[in-house]
Amino acid sequence: MPLDQYNREIDYLRISLTDNCNLRCVYCMPINGLKFLPPEHLLTPAEIAAVARAAVSVGFRKFRFTGGEPTLRQDLIDIVSRISAIDGVGDLAMTTNGILLPELARPLAAAGLRRVNIHLDSLHPERLSRIMRWGRVEQIWKGIEAAESAGLTPIKLNAVIAAGYNDHDVVELAALTIQRDWHFRFVEMMPFGNGECSTVARDQYISNLEIRQRIEQRLGPLSPLPGDPSDESQNFRLPGARGVVGFISPVSEPYCDHCNRMRLTADGKFHLCLLNDDEMDIKRQLREHGPDAVREILRKAVHFKPVGHRLSEGHFTRNRSMFQIGG
Ligand code: SAM
Ligand code: SF4
């Protein structure tokens, strides 16, 4: 198992497949002024597989595809098949807005994907299209149903709550777990970059403590569930519920001490910590020196992983936004 200089076990690689997206969530992507990576800058399926093999050889076991919107990659099924075929890949999951899952859920499951996390910020059509802009509740809902019937379970749903956008929805979203064995997780909003999204993230921030209080006032006490320390979500159950309500609180309760992850950007950089700018280029090394070079860089990337974020001092990732790192 790869250990960093602070003795954390880093065994989870989040692979961003693209910086493009079919939505423009207000806290993630601006509508105007975006320039996406040209195709030749993206890692190819063979290159992604080479990085994953190198990661397994140094002890990584968990892999997740993200983006941008990973389902926009035309070669997604090829990529998933290549990674799932690698001996030593334990968990293989994907984070998605779910819109393309009605067509993709079955082929993805057949290619070896185990499960998906689907992003759903509201059940209210107008509020959803205000926060996720081009998103529609019924599209995402069909994606959730497709994932469930393809066996991409347990279904985990994620919402980012922004005051004045969807904070009225938290009770209804948490209540989804009463009848269904789904996990519903509330992710605290974080600032990235210098543009309008980071302004929304700072001005409309609402803590998970407040969200939790609102849920408990209406739906009763949340009982804590035992958890794995490297799981960023603190998990609870509502009275009589089948599913799980989770809180991911990087801002109010940082979990950097237990962080087990490394990120690979779509343009082939190891991004060492979500909320810091430190990166190491592997695409050039891979293209010029082959897969052995990746293993060495990955070992260094693990070693030099920052101790944690410094959001409370106003320090966060300036060079990239969430969609360019892979959330
Ligand atoms: N497009 C996919 C999706 O939305 O699930 C995958 C990529 S998206 C960047 C991954 C996750 O990051 C989503 O759950 C999204 O809500 C979350 N996210 C995006 N911007 C964020 C921000 N500023 N703070 C906290 N979470 C954010
Ligand atoms: Fe796209 Fe996901 Fe960012 Fe929303 S959060 S804009 S769906 S990448």
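Start by selecting A293, V294, I297, L298, A301 and V302: these are the buried residues of helix α10. Look down the axis of α10 and you will see these buried residues fall within an arc of 165°, so they line one face of the helix. Keep in mind as you go that this is a predicted model. Now widen the selection to residues 291-303, which is the whole of α10, with 13 residues. From its first C-alpha to its last, α10 reaches 19 Å, close to the 18 Å expected at 1.5 Å a residue.

**Next stop: helix α1**

Select residues 45-57 to bring up α1, a helix of 13 residues. Its first and last C-alpha atoms are 18 Å apart, close to the 18 Å expected at 1.5 Å a residue. How many of the residues of α1 are buried? The count is 10 of the 13, so α1 is largely enclosed by the rest of the structure. Colour them if you like: P45, E47, I48, A49, A50, V51, A52, A54, A55 and V56 are the buried residues of α1. Then step just past the end of α1 to G59, where phi is positive, at about 115°.

**Backbone stops**

Go to N7, in the segment before β1 (12-16). Phi of N7 is near 70°, a positive value in a residue other than glycine. Is N7 buried or exposed? With a relative accessible area of 58%, N7 is exposed; the cut-off for exposed is over 50%.

Now select R133, in the loop between α4 (125-131) and α5. R133 is not a glycine, yet its phi is positive, about 45°. In contrast to N7, which is exposed, R133 counts as buried at 17% relative accessibility.

Continue to T153 and P154 and display the bond between them: it is a cis peptide bond, with omega about 0°. For orientation, P154 sits in the loop between α5 (137-149) and β5 (156-160).

**Around ligand 2**

Centre the view on ligand 2 and show its surroundings: C21, L23, R24, C25, C28, M29, G68, N97 and H119. How does this shell divide by class? It has 5 nonpolar, 3 polar and 1 charged residues.

**The second largest pocket**

Turn on a pocket surface, if your viewer offers one, and find the second largest pocket, with a volume of about 270 Å³. It is lined by 21 residues, and the closest to its centre are P229, D231, E232, S233 and Q234, so select those five to land in the right place. Which strand gives the most to the lining of this pocket? That is β8 (residues 233-237), which contributes 4 residues. Colour the lining by class and you get 9 nonpolar, 7 polar and 5 charged residues.

**Pairs to compare by distance**

For the next stops, label the C-alpha atoms and draw distances between them. Begin with S207, in the loop between α7 (196-203) and α8 (208-219). S207 is buried, with a relative accessible area of 17%. Draw a line from S207 to F247: these residues are 40 apart along the chain, and their C-alpha atoms are separated by 9.9 Å.

Move on to E253, in the loop between β9 (244-248) and β10 (261-264). Its relative accessible area of 44% makes E253 partly exposed. Pair E253 with L209, which is 44 residues away in sequence and 9.7 Å away in space, C-alpha to C-alpha.

Now pick E216, which is in helix α8. At 25% relative accessibility, E216 counts as partly exposed. Join E216 to K156: they are 60 residues apart in sequence, and the C-alpha to C-alpha distance is 20 Å.

The last stop is L104, in helix α3 (residues 101-111). L104 counts as buried, at 17% relative accessibility; the cut-off for buried is under 20%. Finish by drawing the line from L104 to V116, 12 residues apart along the chain, where the C-alpha atoms are separated by 12 Å.

Terms used. Residues numbered from 1 in each chain as written. Chains lettered and ligands numbered in written order. Predicted model: local features only at pLDDT ≥ 70, side-chain atom pairs only at ≥ 80, totals over all residues. Heavy atoms only, no water. 1 Å grid on protein atoms, 1.4 Å probe; cavity = no way out; pocket = protein on both sides within 12 Å on 5 of 7 lines; lining within 4 Å. Points joined across faces, edges and corners; volume = space filled by probe spheres on them. Helix = DSSP H or I, 4+ residues; strand = E, 2+ residues; numbered from the N terminus. Nonpolar A, V, L, I, M, F, W, Y, C, P; charged D, E, K, R; others polar. Near = heavy atom within 4 Å. Expected span 1.5 Å × (residues − 1). Buried < 20%, exposed > 50% of the residue type's maximum accessible area, 1.4 Å probe, protein only. Arc of directions from axis to C-beta.
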